[in-house]
Every structure is written in structure tokens, then in C-alpha cells.
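User: I'd like to go through this model and ask what stands behind some of the labels. Could you take me through the reasoning?

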Amino acid sequence: MKTAPEFIESIIKQKKELFVLGEKVDNPAQHPILCPSLRALAKTYELAHDDRYKDVFLRQGADGDLVNCFTSLHHSKQDLLDKVKVLRILGQETGTCFQRCVGWDALNALESTTFEMDLALGTHYHKRFMRYLRFVQKNDLVCNGAMTDVKGDRSLPPSRQADPDMYLHVVDRLPDGIVVRGAKAHQTGAIFSHEIIALPTLSMRAEDAAYAVAFAIPSDTAGVMHILGRQSCDTRKLEGSSIDVGNAMFGGHEALVIFDDVFVPTERIFLDGEWQFTRLLVERFAGYHRQSYGGCKAGVGDVLIGAAASAAEYAGVEKASHVRRKLSEMVHLNETLYSCGLSCSVAGERLASGTYLVDLLLANDCKQNVTRFPYEIARLAEDLAGGLLVTLPSEKDLNHPRIGPLIEKYLRGVPDIPTADRMRILRLIENITLGASAVSYRTESMHGAGSPEAQVIMIERLSDVEAKKALARNLAGIHHPEGSEVEGV
Ligand code: SF4
Ligand code: FE
């Protein structure tokens, strides 16, 4: 397993084509906007070497040796549970998105899907995938799970788009591989990933077979371009401040990843035209990722609750009954998210390949709650923080010889807490609710792993309403002989 410094070293060696704020960037590891993101990812390596966490961070790999859990398969319900615990711990430690889960979910979805596809269609993807998995485990790599296509006109399927490149697709076939073109949006952690694992974004039909493609390539493959997405307050990181950024150590990032006629060698292709299996692959990936949020969002929620409680304490109101009630409400919502992550894990099932899948109905319930509860927790945090959250002067003002002492005097809450500490806590709340980390805590909670309607569709499909009707009618004393009409019986 790599250590955190070895991970950073390995990323520096990669040569990606990357653009940040309209400029080409050759060393993202040293870019001030991106450094916090690299540190958050590095935490997934650091904690794997931490004795306190070895029970949940270390797993048996495909060759029987210990590997970082982020490269592992789920071999039991306990593994599924441990995953949620790991993600909560990392959310607590970083207060943001640590970006390594999408690849983990992609690996697990591909493992069982390739197994079942080979059984049904006589293809030979599973062995190929397992070879790739060993490579990922042996080198302890970060994989960017590239799922979300840009999608163009949402009313049209991939093959009927005005521009055929709105979904990633095969544009050429060579004796030793394929050539693909398209773009994946919102790619979490892409710039610091070693590998890209591309998956179809939705269930394909026969006419979209060229778009039914899954594969893995190194992130710095020729023709792959990364364009960093903006985050609210991102340029504060260029000011050299520690207070105003809110979370000076950690952050996440997303990128638009463009595949401009990229060659994929045959041994890295895991699905190519088998459109019938795209639905299974997409549903499993989405299920795992909807489970993930029950862990990471709860971990970040812990930080936000702690920050809101501190803000109340620094203002001298922590004992007020409404403050205590609001904090308890935040905890209740946050623990409900965690419970959902745990419950879909414990109700998981063994698949044909021997690995475990979360209970898909409960995983979708989990994500549906994630589209709502972080917003309510953020609202309550803003309530407890007060208006100073958005009117606070800057760190430069605080350090100014003339106005600094006045800020120190007038923005102090309780006398024994320095104004700078109060500012730090308020800026952290701002970071998570309105700033750079609101990308992952709020909007990603809404749209990541599928927008709310995607879960509603799955919940409708997976919930047996007929069985519930039968339960109700039985208790209500409504008994009709089979085949008889309801009316007139
Ligand atoms: Fe992992 Fe959560 Fe970030 Fe997604 S939002 S990559 S699940 S930390
Ligand atoms: Fe996500």
C-alpha cells in the first residue's frame, strides 16, 4: 500500500492535460486552488496506515494480501458496513469530499456485472477485469469513476442527439482496441486520479450499442483533457489566507473530462456493445454510490454540527433551549443519513460472483434523504451562526494595524474567545454551506449519484405496492375470490 507522500509523488509524475481558470497547468499538485483537494485524497492513504483504523481500512485483495479498502471488493455484509464507517471517518477528518469513493463503487459494480455478463452471453470480460483489479490493488491507485455524460438534449437517446458526441461512444475500431470520443461532466477527484474507469451513464437500448462501453485508461492518456470546475469562493485560496478559506487544509474538486479520440487497448475494455447489461451495471454502481453518501455526508455533517455548536458557544447562546433543540435536530437528521447507509449495507445480498451488493431499495431511500437532510442541517447551521456568517470582514482587515483592533473589539462574542477563533468557525460554516465545500455537501447531495427523480424511479420499481395493498385489504376484511370482479361480488 502506498503512503500519503508516495501517493502525492505518484500523482506528480503523471502528465495530464489540465486547464484551470483558462490556463494550462502542468503541476496541479502545487496549484493553490487544488492543493486542499490533493490533501483530502491523501487522507485515504494516511488513515490506511493508522493503527486506529486498520480494522476498517485494510481488506484482503484478490491475491490474498492486504490492500487499501478503496481498491477492494465487498466480500461480506461487514465489508459493506465498514465502507460506510470508513467514509464517515474521512468526512469527519476532512470536512469535505475526499474523492476516492466513485472509483471504489465502479470497481465493485464492474466485478459482478462482468461475471454475470460472461455467464449469460459467453463473453470474456470478468477475467480481464480481475487482472485490472489486481493491477489497481497492487499499485494502490485512485480511480476516477467516470459516469456522467454531458447528455445534450435530455429528451433524446444517445444515438439521436444532434451532436453524436453528447454521450461517450466508440468512433473507431482497431485490431488492438477501440477509439472513443465524448465528455464526462462533474468528475470528482479526476485531476488527482491515476486511472479513469468509464461507465455508461444510463441504460442503453439496441440502437445505442456504440454508446454501451466501459473501460479503464490511465488519466494521462493522450487525448484526455481535464478542465477544472469552479467552486464558490475558489479564488480565496489564491489570497494566501488561512481564515477566509474556511477549511485551509482540505477541499474537493470536480472536472470536465474530455475524451478527444482516445485509444483504449482491448485488455482494458470491460463492456463493448452489450447494451443489455448496461442497466445492471448502472443500477449497481448507483446503488453503491447512493450507499456511500450515507457515510461521507454524515461525516461532514458531524463537522458542521460541531461548527454550529461552537458558533453558538462563542456567541454565548449555547445554553438557550432553542439552540439545544436545533442542535439535536441536526444530529437526528445526520444520524438518520448514517442509519440509511448502514441499513442498506446490512440488508445487502450475495451476488453470483460471490461479492455483496447493497439492498437497492434502501440505498435509494438513503440517497433520497441525502437530497434533503444536508439542506436542512445547513439551514439550521446558518440559523445558529447568525448573519455575521455572510457579513464578516476579511482576514486582511483583521490583520490591518488600524482597523484590526476595532474588528477584534466589536466582533468579539464571549470575552474569553478571541475574535479570530469566532471568525474561523463562521468561515468553516460558510465553506460547507455556501463556499467551496458546499459543492459536495449541498448540490452534490442533490444531484450526485443521480438526481432525486432517479431515486424516485428506482423506489417505485423496487417497492411492491401490490403486496402492501393485499396486506391492507386483508386487515380491512376485503376478501374477493380470485378472478372475481371487485364490484358486484
Ligand atoms: Fe466520496 Fe462523498 Fe466525495 Fe462522493 S461526495 S466522492 S461519496 S466523499
Ligand atoms: Fe459523488
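User: Which residue in E11 stands opposite Val-179?

Analyst: Phe-263 is the one facing Val-179. One note before we go on: this is a predicted model.

User: How do you know that E7 and E11 pair?

Analyst: Two strands count as paired if at least two bridges are found between them. Strand E7 (residues 177–188) and strand E11 (residues 254–265) have nine bridges, in the antiparallel sense, so they pass that test.

User: What makes E2 and E6 edge strands?

Analyst: The open sheet has six strands in the order E2-E1-E10-E11-E7-E6, with mixed pairing. Strands E2 (23–24) and E6 (169–174) each have a single partner strand, so one side of each lacks a neighbour in the sheet.

User: What makes His-289, Tyr-293 and Glu-444 donors of the iron ion (ligand 2)?

Analyst: A donor here is an N, O or S atom within 2.8 Å of the metal. The atoms involved are NE2 of His-289, OH of Tyr-293 and OE of Glu-444, at 2.0 to 2.6 Å from the iron ion, so they qualify as donors.

User: Why are His-289 and Tyr-293 about one helical turn apart?

Analyst: Because they are four residues apart in helix H7 (residues 278–314). Both residues are also buried, a label that calls for under 20% relative accessible area.

User: Which residues touch the most other members of the largest nonpolar core?

Analyst: Among the 75 residues of that core, they are Tyr-132, Val-180, Ile-197, Leu-199, Phe-215 and Phe-259. The core draws at least three residues from each of domain 1 (14–280) and domain 2 (296–466).

Methods. Residues are numbered from 1 along each chain as its sequence is written. Chains are lettered from A and ligands numbered from 1 in the order in which they are written. This is a predicted model: local features need pLDDT of at least 70, side-chain atom pairs count only at pLDDT 80 or more; totals for chains, interfaces and linings use all residues. Side-chain values use heavy atoms; hydrogens and water are left out. Helices (H or I, at least four residues) and strands (E, at least two) are DSSP runs, numbered from the N terminus. A nonpolar core is a set of buried Ala, Val, Leu, Ile, Met, Phe, Trp, Tyr and Cys residues joined through side-chain atoms within 4.5 Å. Buried means under 20% relative accessible area, exposed over 50%, partly exposed in between (1.4 Å probe, protein chains only). Domain bounds come from an automatic or database domain assignment. Donors are N, O and S atoms within 2.8 Å of the metal (3.2 Å for Na, K and Ca); water is not among the atoms, so sites may look incomplete.
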